[in-house]
Amino acid sequence: MTVDQMLDHARAALTRIYAWQLPEALGRGAILVDIRPQAQRDREGTLPGALVIERNVLEWRLDPSSSARLALATDHDVEWIVVCSEGYTSSLAAASLQQLGLHRATDLVGGYQALKAAGLLAVAAGTAHFAREVAALASL
């Protein structure tokens with residue numbers, strides 16, 4: 001199997017989200033996860049409101065049965081929307097999450113670059129989970 005075939009196989013199992021669909025998905029409670037490495041986020045920019053979980057620890061942080069899971073990884077019904085720079089690595093990552101039973105995991109078509117082109121980089125900044133995190137940090 002080639003990497004292109006692997007990507008096609010991964011995407012066949014996903015209901016991918018387009019940038020223009022992201023506000024609605026976040027409104028229903030989906031959580032945006034930025035898997036880009038720190039160096040790439042430094043170069044390209046950040047996504048306010050997105051959870052930053054680098055690719056190498058993604059499954060451990062989002063699997064509800066993992067001892068290293070995040071508090072938001074409550075069960076297998078959480079809708080995770082994974083974003084990378086251009087929407088390639090995120091497809092493979094979302095497919096991996098689905099293999100863990102996170103059946104609502106998907107990715108963003110075109111990734112960070114699509115959000116930037118659509119003027120939606122701050123779309124996740126108003127989400128409930130982001131507001132809770134900001135409030136928690138402000139109380140420290």
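**Notebook: D107, helix α5 and some loop residues**

I looked up the side chain of D107 and found a polar contact of 2.8 Å joining it to the side chain of S90. The model is a predicted one. A polar contact of 2.7 Å also links the side chain of D107 to that of S91.

**Entry on D107**

I checked which element holds D107; the residue belongs to strand β4, residues 106-107. Is D107 buried or exposed? Its relative accessible area is 0%, so D107 is buried, the cut-off being under 20%. I then listed what D107 is in contact with, setting aside neighbours within four places in sequence. The list reads L14, R16, I17, I81, V82, G87, S90, S91 and A94. S90 and S91 thus appear in that list, and both are also among the buried residues of α5.

**Entry on helix α5**

I went on to the helix that carries these serines. The buried residues of α5 are S90, S91, A93, A94, A95, S96 and L97. What do they pack against? I noted α1, α4 (58-62), β3 (80-83) and β4 as their partners. Just after α5, I recorded G101 with a positive phi of about 100°.

**Entry on α1 against α5**

I looked at the pair formed by α1 (residues 3-12) and α5 (residues 89-99). Their axes are 9 Å apart, and the packing angle is about 55°. Because angles of 35 to 65 degrees fall outside the parallel and perpendicular classes, α1 is oblique to α5. The crossing of α1 past α5 is left-handed. Which residues make the contact? On α1 I have M6, L7, A10 and R11, and on α5 S91, L92 and A95. Sorted by type, the residues of this contact give 5 nonpolar, 1 polar and 1 charged. S91 has a part in this helix contact and in the polar contact with D107.

**Entry on E79**

I moved to the loop between α4 and β3, where E79 lies. With a relative accessible area of 7%, E79 is buried. The side chains of E79 and R104 are joined by a polar contact of 3.1 Å. Leaving out neighbours within four places in sequence, I found E79 in contact with A25, R28, A30, I31 and R104.

**Entry on L70**

L70 also has its place in the loop between α4 and β3. I read its relative accessibility as 27%, and L70 therefore counts as partly exposed. What does L70 touch, not counting residues up to four places away in sequence? I noted L51, I53, R61 and L62. I took the separation of L70 from R104 as well: 17 Å in space, C-alpha to C-alpha, with the two 34 residues apart in sequence.

**Entry on Q21 and K116**

Q21 is in the loop between α1 and α2 (22-27). Its relative accessibility is 25%, so I entered Q21 as partly exposed. From Q21 to I53 the C-alpha to C-alpha distance is 22 Å, and the two are 32 residues apart in sequence.

K116 is in helix α6, residues 111-117. Is K116 buried or partly exposed? I have it at 47% relative accessibility, so K116 counts as partly exposed. K116 and R11 are 105 residues apart in sequence, and their C-alpha atoms are 22 Å apart in space. R11 is one of the α1 residues in the contact with α5.

Definitions and conventions: Residues are numbered from 1 along each chain as its sequence is written. This is a predicted model: local features need pLDDT of at least 70, side-chain atom pairs count only at pLDDT 80 or more; totals for chains, interfaces and linings use all residues. Side-chain values use heavy atoms; hydrogens and water are left out. Axes are lines fitted to C-alpha atoms, for helices over the stretch in contact, and angles run from 0 to 180 degrees between N-to-C directions. Helices (H or I, at least four residues) and strands (E, at least two) are DSSP runs, numbered from the N terminus. Angles under 35 degrees count as roughly parallel, over 145 as roughly antiparallel, 65 to 115 as roughly perpendicular and the rest as oblique. A crossing is left-handed if the near helix is turned anticlockwise from the far one by less than a right angle, and right-handed if clockwise. Contact means heavy atoms within 4.5 Å. Ala, Val, Leu, Ile, Met, Phe, Trp, Tyr, Cys and Pro count as nonpolar, Asp, Glu, Lys and Arg as charged, and the others, Gly among them, as polar. Buried means under 20% relative accessible area, exposed over 50%, partly exposed in between (1.4 Å probe, protein chains only). A polar contact is a pair of N or O atoms within 3.5 Å; within protein, one must be able to donate a hydrogen and the other to accept it, and residues adjacent in sequence count only if both atoms are side-chain atoms.
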